[in-house]
Amino acid sequence: MAQFLRRSQRSFSPQTQSAGFTLIEGLIVVVIIGLLAAIAAPSWFGFWQQRQINATQNMLYQALRATQADAMQQRHERRFSLRQRDGYIEWANHPESIPAAGVTNWQPLIEGVVLASEDNTLTKSGGIHYTRFDMHGNLRAKAIGEQGTITVTITGQRNTNRCVVVSTVLGAMRKGEGQAKANSNERFCY
């Protein structure tokens, strides 16, 4: 019993130190975490933007391919239409007989990604870019001028531009990205 009393007296003596961090140690930890976040945030934001722009490019490519495939499967002409509205790029796959203004099933792409101010060379009518595929999946014979490029961006800098190019009358398509120097066709996304 005497040992127990000696132990309990030691635990309540004023000489014991409490465990934990001082205010200065806590502030140092907060400052270090803040510095690391300030260093990592721009890189993370750039990575996130690249993911958005690449995802939008892939969605556009797949939408064009789906329109082309629908034209072949349904054995009639289909139109791929693209517009920018309320901060979104929207696309539609519809029969050639239905004008774009009458389409109700517009599909939005990723918010914040917009059409670039340059290198959008698909035919444009009434604020809507479009291209048309015949029942064989080729661009319509009358629509040779509908070959072209759809270019999207986030910040407006050419190195963040991504594009989908409809490059031949046979409906061949490819993806490209923004360059600092224009190619022989005076385009920056190739």
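**Fold, strand pairing and burial in the predicted model**

Read along the sequence, the chain follows the pattern α-α-β-β-β-β-β-β-β-β-β. The model is a predicted one. In total, the chain has 2 helices and 9 strands. It holds 190 residues, and buried residues make up 36% of them.

The helical part is described first. Helix H2 spans residues 23-74, and Ile28 has its place there. A UniProt record, an unreviewed entry, puts the feature "transmembrane region" at residues 21-45. In the model, this span is 92% helix and 0% strand. The C-alpha atoms at its two ends lie 33 Å apart. Ile28 also takes part in a nonpolar surface patch. Its partners in the patch are Ile24, Ile32 and Leu36. The patch covers about 420 Å².

A loop lies between H2 and E1, and Arg75 is found in it. Arg75 is not a glycine, yet its phi is positive, near 60°. Its relative accessible area is 49%. The limit for an exposed residue is over 50%, so Arg75 counts as partly exposed.

Strand E1 covers residues 78-85 and takes part in two pairings described here. One partner is E2, in the antiparallel sense, over 8 bridges. Within this pair, Leu82 of E1 stands opposite Trp91 in E2. The two strands form a hairpin with 2 residues between them. Asp86 is in the loop of this hairpin, between E1 and E2. Like Arg75, Asp86 is a residue other than glycine with a positive phi. Its value is near 55°. The relative accessibility of Asp86 is 68%, so this residue counts as exposed.

Strand E2 runs over residues 88-95. It is mostly covered, with 7 of its 8 residues buried. Glu90 lies in this strand. Its relative accessible area is 12%. Buried means under 20%, so Glu90 is buried. The side chain of Glu90 makes a polar contact with the side chain of Arg83, at 2.7 Å. E2 is also joined to strand E3, residues 107-108, by 2 bridges. These two strands run antiparallel. Here Glu90 stands opposite Pro108 in E3.

The other pairing of E1 is with strand E6. This pairing is antiparallel and has 5 bridges. Tyr130 in E6 is the bridge partner of Ser81. E6 consists of residues 128-133, and 6 of its 6 residues are buried. Its side chains point in two directions. Ile128, Tyr130 and Arg132 point one way from the strand. His129, Thr131 and Phe133 point the other way. Residues on both sides are buried.

E6 pairs with strand E5 as well. E5 is made of residues 123-125, and the two strands are antiparallel over 3 bridges. Ser125 has Ile128 in E6 as its bridge partner. E5 and E6 form a hairpin with 2 residues between them. Gly126 sits in the turn, with a positive phi of about 65°.

A further group of strands forms an open sheet. It has 4 strands in the order E4-E7-E8-E9, with antiparallel pairing. The edge strands are E4, residues 114-115, and E9, residues 173-177. Each of these edge strands pairs on one side only. In general, strands of a sheet pair through backbone hydrogen bonds, either parallel or antiparallel. In this sheet, E7 covers residues 148-153 and E8 covers residues 162-166. E7 and E8 are antiparallel, with 5 bridges between them. Val166 in E8 is the bridge partner of Gly148.

Notes: Residues are numbered from 1 along each chain as its sequence is written. This is a predicted model: local features need pLDDT of at least 70, side-chain atom pairs count only at pLDDT 80 or more; totals for chains, interfaces and linings use all residues. Side-chain values use heavy atoms; hydrogens and water are left out. UniProt positions are given in the numbering used here, feature names are shortened, and annotations may be inferred rather than shown by experiment. Buried means under 20% relative accessible area, exposed over 50%, partly exposed in between (1.4 Å probe, protein chains only). Two strands pair if DSSP finds at least two bridges between them. Patches are made of residues with over 30% relative accessible area and no salt bridge: like charges are joined within 9 Å, nonpolar side chains (Val, Leu, Ile, Met, Phe, Trp, Tyr) within 5 Å. Accessible areas come from the Shrake-Rupley method with a 1.4 Å probe; for residues, only the protein chains shown count as cover. A salt bridge is a side-chain nitrogen of Lys or Arg within 4 Å of a carboxyl oxygen of Asp or Glu. A polar contact is a pair of N or O atoms within 3.5 Å; within protein, one must be able to donate a hydrogen and the other to accept it, and residues adjacent in sequence count only if both atoms are side-chain atoms.
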